[in-house]
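These are my notes from going through the model, entry by entry. I wanted to look up a few side chains, the helices that hold them, and what packs around them.

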Amino acid sequence: MPVNEPLFILMVIFILSVTFLMARGIYRLSYISKAEARRVHSFYSSHSTYYNKLNKKLQQRFVQRAFSLTQNLKIVGRGTRVNHSVKYMVVAALVQVTFGLNSYFLKSFRTIFVYPSSYRHPHTGNMHDGEVHPDGLICLSIPQLVKGFNNPTDVLNLGLHEMAHAFMHSILSKKNSNTLVGALNEVLAISEVEVGKIKEGQPHIFRSYAGESVSEFFAVAIEHFFENPQGLQSSLPLLYTKLTVLLNQDPARNVFYLRKVK
Ligand SMILES: [Zn+2]
């Protein structure tokens with residue numbers, strides 16, 4: 001049977017277009033102009049120690065991911081203006097925590113409220129700098145977020161802390177890959193033992209707040225993982241190793257993308 005050439009070409013174009021759109025949908029890649037990429041690069045070069053440790057190729061990956069997040073997340077100012085810097089500061093921690101993984105969108109967390117200072121929680125009346133609601137909202141106070149990035153070694157980083165909560169919640173609540181669930185459960189099993197030690201008042205590398213719950217321990221562990229990786233590795237080597245498996249990064253060796261992952 002003779003091949004209808006124009007029809008064949010049309011079919012190929014159609015299949016290629018569908019494949020491209022599907023890949024775009026899966027990875028949520030947004031097109032970034034060269035000018036914007038330069039602007040974002042310049043911003044992170046002067047604000048993120050983590051970014052400055054990446055090689056050129058990984059910096060491009062960081063910029064692309066940050067840009068895609070700013071395009072797809074709803075970042076809402078609560079009494080403050082959300083400018084370019086605020087947007088990129090807000091997504092930086094999320095890009096950092098998920099950098100070794102293919103999936104950097106936390107499906108259930110699509111909205112981020114940003115505040116010009118600490119804010120009063122409407123239900124408890126307490127002052128907060130940040131929180132993660134399991135129904136899909138992340139709240140952050142901008143000054144505390146900036147403070148976290150300005151001192152990259154004091155193991156206090158609001159952005160990393162809150163994104164760690166959201167990341168953990170996403171893995172446990174969604175049908176994530178079994179690999180991630182398995183790796184997280186191994187981290188949480190160690191966390192449970194360590195929480196017990198902190199509660200007993202034993203001296204610990206983590207601040208006492210980490211003893212509040214396994215979830216808080218995990219968030220503090222992520223702060224240590226990025227801001228004091230060598231210290232964490234020497235104090236809690238098994239926890240450190242399990243975190244490298246979960247996040248596919250090894251910051252103690254300045255490796256931020258260990259191996260290709262599914
Ligand atoms: Zn917390």
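**Entry 1: F225 and its surroundings**

I began with F225 and found that, leaving out residues up to four places away in sequence, F225 touches L232, L243 and P251. I keep in mind throughout that this is a predicted model. F225 sits in helix α9, which covers residues 214-227. Is F225 buried or exposed? I counted 25 C-beta neighbours inside 10 Å, and since 20 or more are needed for a residue to be called buried, F225 counts as buried. I also looked up the pair F225 and L239, which are 14 residues apart in sequence and 9.6 Å apart in space, C-alpha to C-alpha.

**Entry 2: helix α9 as a whole**

I then asked how many of the residues of α9 are buried. The count is 12 of the 14, so α9 is largely enclosed by the rest of the structure. I wrote the buried ones down as E216, F217, F218, A219, V220, A221, I222, E223, H224, F225, F226 and E227. The cover over these buried residues includes α3 (49-53), α5, α7 (158-173), α8, α10 (229-235) and α11 (237-247). As a check on the geometry, I compared the span of α9 with what its length predicts: at 1.5 Å a residue, its 14 residues should span 20 Å, and the end C-alpha atoms are 20 Å apart, which agrees.

**Entry 3: where α8 meets α9**

I took one of the covering helices, α8 (residues 178-199), and found that its axis and that of α9 come within 9 Å and cross at roughly 105°. An angle of 65 to 115 degrees counts as roughly perpendicular, and α8 and α9 are therefore roughly perpendicular to each other. On the α8 side the contact is made by V187, L188, S191, E192, E194 and V195, and on the α9 side by V214, F217, F218 and A221. Sorted by class, the contact of α8 with α9 has 7 nonpolar, 1 polar and 2 charged residues.

**Entry 4: the nonpolar core**

I next looked up the largest nonpolar core, which has 63 residues, and noted that A66, A92, V97, L140, A164 and I222 touch the most other members. Helix α5 (residues 84-97) supplies the largest share of this core, 9 residues. Of these well-connected members I followed V97, which, leaving aside its neighbours within four places in sequence, is in contact with L160, M163, A164, F167, I222 and L247. I222 is also on the list of buried residues of α9, while L160, M163, A164 and F167 are among the buried residues of α7.

**Entry 5: helix α7 and H169**

I turned to α7 and recorded its buried residues as L158, G159, L160, H161, E162, M163, A164, H165, A166, F167 and M168. These pack against α5, β5 (130-133), β6 (137-141), α6, α8 and α9. The span check holds here too: at 1.5 Å a residue, the 16 residues of α7 should cover 22 Å, and the end C-alpha atoms are 22 Å apart, which agrees.

H169 also lies in α7, but with 18 C-beta neighbours inside 10 Å it counts as partly exposed. Not counting residues up to four places away in sequence, H169 touches V132 and P134. H169 and P134 are 35 residues apart in sequence, yet their C-alpha atoms are 7.1 Å apart in space.

**Entry 6: where α6 meets α7, and the loop between them**

The axes of α6 (residues 142-150) and α7 come within 7 Å and cross at roughly 105°, and the two helices are therefore roughly perpendicular to each other. Q144, L145, G148 and F149 in α6 meet L158, G159 and L160 in α7. I noted the classes of this contact as 4 nonpolar, 3 polar and no charged residues.

In the loop between α6 and α7 I found V155, whose phi is near 50°, a positive value in a residue other than glycine. Most residues other than glycine have a negative phi. V155 counts as buried, with 21 C-beta neighbours inside 10 Å.

**Entry 7: N254**

My last look-up was N254, in the segment after α11, which has a positive phi of about 60° although it is not a glycine. N254 is exposed, because 11 other C-beta atoms lie within 10 Å and 12 or fewer is the cut-off for exposed.

How values were computed
Residues numbered from 1 in each chain as written. Predicted model: local features only at pLDDT ≥ 70, side-chain atom pairs only at ≥ 80, totals over all residues. Core = buried A, V, L, I, M, F, W, Y, C linked by C-beta atoms within 7 Å. Helix = DSSP H or I, 4+ residues; strand = E, 2+ residues; numbered from the N terminus. Contact = placed C-beta atoms within 7 Å. Axes fitted to C-alpha atoms, helices over the stretch in contact; angles between N-to-C directions. Parallel < 35°, antiparallel > 145°, perpendicular 65-115°, else oblique. Nonpolar A, V, L, I, M, F, W, Y, C, P; charged D, E, K, R; others polar. Expected span 1.5 Å × (residues − 1).
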